[in-house]
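Open the structure in your viewer and keep the selection panel handy. We will go from stop to stop, and at each one you will hear what to select and what is there.

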2 protein chains.
Amino acid sequence: MANDAWDDLLTHLRKLSDIGSAIALLSWDQSVMMPSKGADFRARSSATLQLMYHELLTSPEIGALLERLSDDSSLDQIQSASVRVLARDYNKATKVPADLVRELAELEGLAYAAWTEARPASDFSKLAPLLERMVKLKKRQADAVGWEGERYDALLDDFEPGLTAAEVEGIFKDLTMQLGPVAEKILQAADDVPEFTTKEYEPAKQQAFSEWLIQKLAFDLDGGRLDTSPHPFTMTVAPGDVRQTTRYLPNEVLGGIYATIHETGHALYEQGFPLEFADLPIGHVPSLGMHESQSRLWENQVGRSRAFTNAILLKLKEQFSTELGMLTPEEFYEGVNHPERTLIRVSADEVTYNLHVALRFELELALFRDELTVADLPDAWDAGMEKHLNLRPDSDANGVLQDMHWSLGFFGYFPTYTLGTLYAAAFFDKASADLGGLEEDLKNLDGSRLLGWLRENIHSQGYLYT
Amino acid sequence: MANDAWDDLLTHLRKLSDIGSAIALLSWDQSVMMPSKGADFRARSSATLQLMYHELLTSPEIGALLERLSDDSSLDQIQSASVRVLARDYNKATKVPADLVRELAELEGLAYAAWTEARPASDFSKLAPLLERMVKLKKRQADAVGWEGERYDALLDDFEPGLTAAEVEGIFKDLTMQLGPVAEKILQAADDVPEFTTKEYEPAKQQAFSEWLIQKLAFDLDGGRLDTSPHPFTMTVAPGDVRQTTRYLPNEVLGGIYATIHETGHALYEQGFPLEFADLPIGHVPSLGMHESQSRLWENQVGRSRAFTNAILLKLKEQFSTELGMLTPEEFYEGVNHPERTLIRVSADEVTYNLHVALRFELELALFRDELTVADLPDAWDAGMEKHLNLRPDSDANGVLQDMHWSLGFFGYFPTYTLGTLYAAAFFDKASADLGGLEEDLKNLDGSRLLGWLRENIHSQGYLYT
């Protein structure tokens with residue numbers, strides 16, 4: 001049966017998706033390709049497109065169509081889920097004034113550019129004024145959208161719909177109380193850092209290894225790319241165009257490999273959405289925690305397993321025979337899982353990782369509860385690192401400046417890393433039980449049955465369900 | 001004195017420039033970075049943005065502002081030139097219906113993608129149906145915009161404003177009549193192809209050389225990039241973001257070097273527009289012939305000179321000591337300027353280059369005079385190559401499929417190559433006379449005085465003058 005309102009909505013959805021695609025490309029390019037002198041105009045161009053997107057999303061036409069379709073019982077499951085998700089986005093977006101959308105979008109570009117300079121210089125003052133404005137604007141945005149419990153809830157809702165600050169606070173209180181002492185014991189009992197992890201590994205060879213690895217993990221290079229950026233990330237430009245990045249630092253070979261596996265987890269999710277969901281609001285992840293569940297699952301449950309580490313060591317030795325020739329599979333496995341007090345979240349082991357996240361969550365919460373100022377952030381960071389990890393940052397570069405998230409206005413994002421870690425464990429347990437013999441697969445670097453399970457049970461569902 | 005209408009116009013111009021920037025990036029990325037499965041959605045996304053650009057450019061608001069400003073005597077030279085150029089674009093754009101704009105934009109993406117498959121496969125049938133539709137749509141577009149003499153005039157006007165088919169026909173008749181016999185004599189008297197030009201040169205080393213060379217030529221890498229693509233081109237994403245591409249084929253070392261010099265000429269022009277022209281319609285080239293004058297000047301007058309070839313050979317020998325160790329400067333100079341019957345325009349020497357262009361112009365003109373069909377294009381191409389160069393293409397890949405232009409709808413573009421070649425000779429003569437001692441500069445690979453002259457007399461003028 002023809003449904004004119006749905007067809008009209010589709011026309012708008014396609015246009016939104018086309019503009020969104022351009023916005024994604026502008027953003028990917030900014031981090032991966034853009035020459036430095038392009039930053040100012042890029043910030044403006046991206047802001048203009050985001051504003052156009054916002055104008056279309058909040059247009060009276062879409063509002064009227066949503067009203068007509070919201071209780072249209074002739075819609076199928078895909079259509080009604082799309083209407084539900086779009087209505088949610090529409091309702092949030094209509095509450096944010098256009099000038100705030102533009103200000104935020106422009107500030108993102110500028111603050112991110114400032115962060116890329118501030119971090120290598122270890123100079124927080126380069127970022128501070130922009131970050132202060134960012135916190136102010138995010139508060140205005142949260143208040144415009146509205147919240148029930150507290151302001152931070154509105155920020156969380158952008159990344160993990162429905163989750164509240166109080167819930168996350170409870171999770172982290174519980175987690176740090178139990179994990180803190182355990183982690184401390186493990187760290188004190190840990191051996192020295194394995195020598196092989198601190199050697200120098202030629203970036204070009206690391207790259208060749210990563211390019212081999214993502215193909216083994218079934219990342220489709222005809223429908224995506226692998227590049228490098230200061231902070232690894234995955235971004236979908238369009239269906240058939242999923243881009244991940246990693247980094248190859250000479251003295252952090254494991255960091256590079258596990259960043260690649262992590263991002264491949266994200267990218268496989270993005271490549272797994274059904275093509276029929278393209279342009280639909282359900283052709284996306286339901287939450288960032290869900291997204292992170294896929295990256296963490298491949299990184300930790302798969303990537304740090306004995307079977308998998310043994311298997312990739314063979315290939316890694318081909319690239320680095322001098323550096324790794326004498327290493328035993330067990331030494332490599334232990335190195336990959338070596339618990340260590342590190343200043344850097346993305347280099348952290350599984351034991352300490354969530355303590356890094358807890359620190360960030362506590363600081364964010366304090367910022368948005370007006371209990372902490374941006375000026376006091378570096379000191380609060382250092383104090384928090386001492387509290388959680390008994391470690392004092394040697395510089396802001398290795399402290400408060402290490403992550404790009406806040407410069408992009410991503411407050412409420414960090415907790416999803418821990419949620420994803422928890423989801424990942426549950427998903428992998430279920431997949432293992434359903435499939436049986438997964439370890440044997442991983443010994444042969446064959447992730448196809450596991451990917452098939454994830455595709456069927458998770459990826460193919462998009463945002464059909466809340 | 002405040003001028004509200006001008007300020008309002010500026011707001012629109014900035015938005016046009018922001019959308020234009022995204023369109024440019026989508027296009028650059030499509031040729032340089034995009035994975036193949038992204039093609040369909042990219043074509044659509046690019047079309048949507050082009051349509052939005054067209055809608056804004058032809059909006060009643062801009063029309064009304066142009067009317068108010070067109071005889072505003074308080075405007076300064078920059079402002080009134082901007083109004084003149086914008087009014088021209090506005091008047092042309094308002095005549096083209098929005099659905100045709102979208103159809104053309106979508107077809108560009110699809111036909112370009114088809115061309116990238118058709119060329120390596122040497123299979124014209126992969127491109128033919130799309131090219132047929134392209135010619136049909138371009139005819140509709142020309143008729144919508146209108147023309148006085150003949151339809152092809154309207155196409156030319158997009159690239160070389162004001163030029164007519166009759167004028168170009170006269171130029172090429174004159175040129176081929178005089179150049180044809182001279183070229184034939186030179187070709188018959190020419191030595192065999194110098195051995196060094198056909199050796200294999202490792203692409204990675206070619207790349208290192210090109211990266212060194214563009215910096216010597218003062219291309220600003222903080223405000224631009226050099227990448228590779230099947231067909232070299234230069235595209236400005238925004239002020240401070242000028243991107244050129246080249247290509248490194250193992251058996252075409254000179255082709256790669258001179259493509260790089262050629263594109264650097266374009267890119268230096270783009271990097272030379274005053275920042276105060278940013279967002280203004282005069283912050284662009286006045287015509288493609290003018291653009292080509294800069295690329296040809298650096299490629300031919302500078303790049304193929306004895307002084308310059310001698311100077312770069314030293315560096316080239318560092319990269320390729322085995323291949324070039326015994327080569328004398330004079331042999332290299334002769335190799336760079338070796339006249340040769342080639343099937344490929346971009347590999348052609350200065351003597352035969354314009355004959356390649358003449359062929360394309362004749363075919364285009366015949367297509368748009370309805371004297372030739374797309375189906376007959378391959379045969380007509382081969383016949384034309386025999387007529388102009390006594391050479392029969394061995395395949396469509398080396399014949400009618402070699403250039404990307406037609407797949408992108410660029411009809412009326414090729415003649416500007418020859419015009420640019422003529423302008424280049426005149427500009428270089430004048431610069432040499434004004435500056436004196438240019439040869440000495442080039443011996444030292446110092447193009448700074450020449451670039452200064454071009455910046456002052458040409459680049460800094462943008463599109464101030466018709």
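In this tour a helix axis is a line fitted to C-alpha atoms over the stretch in contact, and angles run from 0 to 180 degrees between N-to-C directions. One thing to bear in mind as you look around: this is a predicted model.

**Stop 1: a helix from each chain**

Select helix H2 (residues 39-57) of chain A together with helix H1 (residues 4-32) of chain B; their axes come within 9 Å and cross at roughly 100 degrees. Angles of 65 to 115 degrees count as roughly perpendicular, and therefore H2(A) is roughly perpendicular to H1(B).

Now show side chains. On the H2(A) side, the residues that meet H1(B) are A:Arg42, A:Arg44, A:Ser45, A:Thr48, A:Leu49, A:Met52 and A:Glu55. Facing them in H1(B) are B:Arg14, B:Lys15, B:Ser17, B:Asp18, B:Ile19, B:Ser21, B:Ala22 and B:Leu25. Colour this contact by class and you will find five nonpolar, four polar and six charged residues.

**Stop 2: the sheet of chain A**

Next, pick out the three strands of chain A that form an open sheet in the order E1-E3-E2, with mixed pairing. Which strands are at the edges? They are strand E1 (224-228) and strand E2 (234-238) of chain A, each pairing on one side only. From one strand to the next, the twist averages 20 degrees.

Zoom in on E2(A) and strand E3 (residues 241-246) of chain A: they run antiparallel and are joined by four bridges. A residue pair to label here is A:Ala238 and, opposite it in E3(A), A:Asp241.

**Stop 3: a pair of rings**

Staying in chain A, select A:Phe196 and A:Phe332. The centres of these two rings are 5.7 Å apart and the planes stand at 45 degrees, so the pair is tilted. Trace the backbone to see what the pair links: A:Phe196 is in the loop between helix H8 (165-189) and helix H9 (203-216) of chain A, A:Phe332 is in helix H14 (residues 329-336) of chain A, and the two are 136 residues apart. If you enjoy rings, a search of the whole structure finds 34 aromatic pairs over all chains.

**Stop 4: the sheet of chain B and a helix on it**

Move to chain B, where an open sheet of three strands has the order E1-E3-E2 and mixed pairing. Its edge strands are strand E1 (224-228) and strand E2 (234-238) of chain B. This time, look at E1(B) and strand E3 (residues 241-246) of chain B, which run parallel and are joined by five bridges. Label B:Thr228 and its bridge partner in E3(B), B:Thr246.

Then add helix H10 (residues 253-271) of chain B, which packs on the sheet and touches E1, E2 and E3 of chain B. The direction of H10(B) makes about 165 degrees with that of E3(B).

**Stop 5: two helices in chain B**

Finish with helix H11 (residues 288-302) and helix H19 (residues 448-457) of chain B, whose axes come within 13 Å and cross at roughly 155 degrees. That makes H11(B) roughly antiparallel to H19(B), and their crossing is right-handed.

Which residues of H11(B) meet H19(B)? Show B:Gln294, B:Leu297, B:Trp298 and B:Val302, which meet B:Leu450, B:Leu451 and B:Leu454 of H19(B). By class, this contact has six nonpolar, one polar and no charged residues.

Technical notes:
Residues numbered from 1 in each chain as written. Chains lettered and ligands numbered in written order. Predicted model: local features only at pLDDT ≥ 70, side-chain atom pairs only at ≥ 80, totals over all residues. Heavy atoms only, no water. Parallel < 35°, antiparallel > 145°, perpendicular 65-115°, else oblique. Left-handed = near helix turned anticlockwise from the far one by under 90°. Contact = heavy atoms within 4.5 Å. Nonpolar A, V, L, I, M, F, W, Y, C, P; charged D, E, K, R; others polar. Pairing = 2+ DSSP bridges. Phe/Tyr/Trp six-rings, centres within 6.5 Å; stacked < 30°, edge-to-face > 60°.
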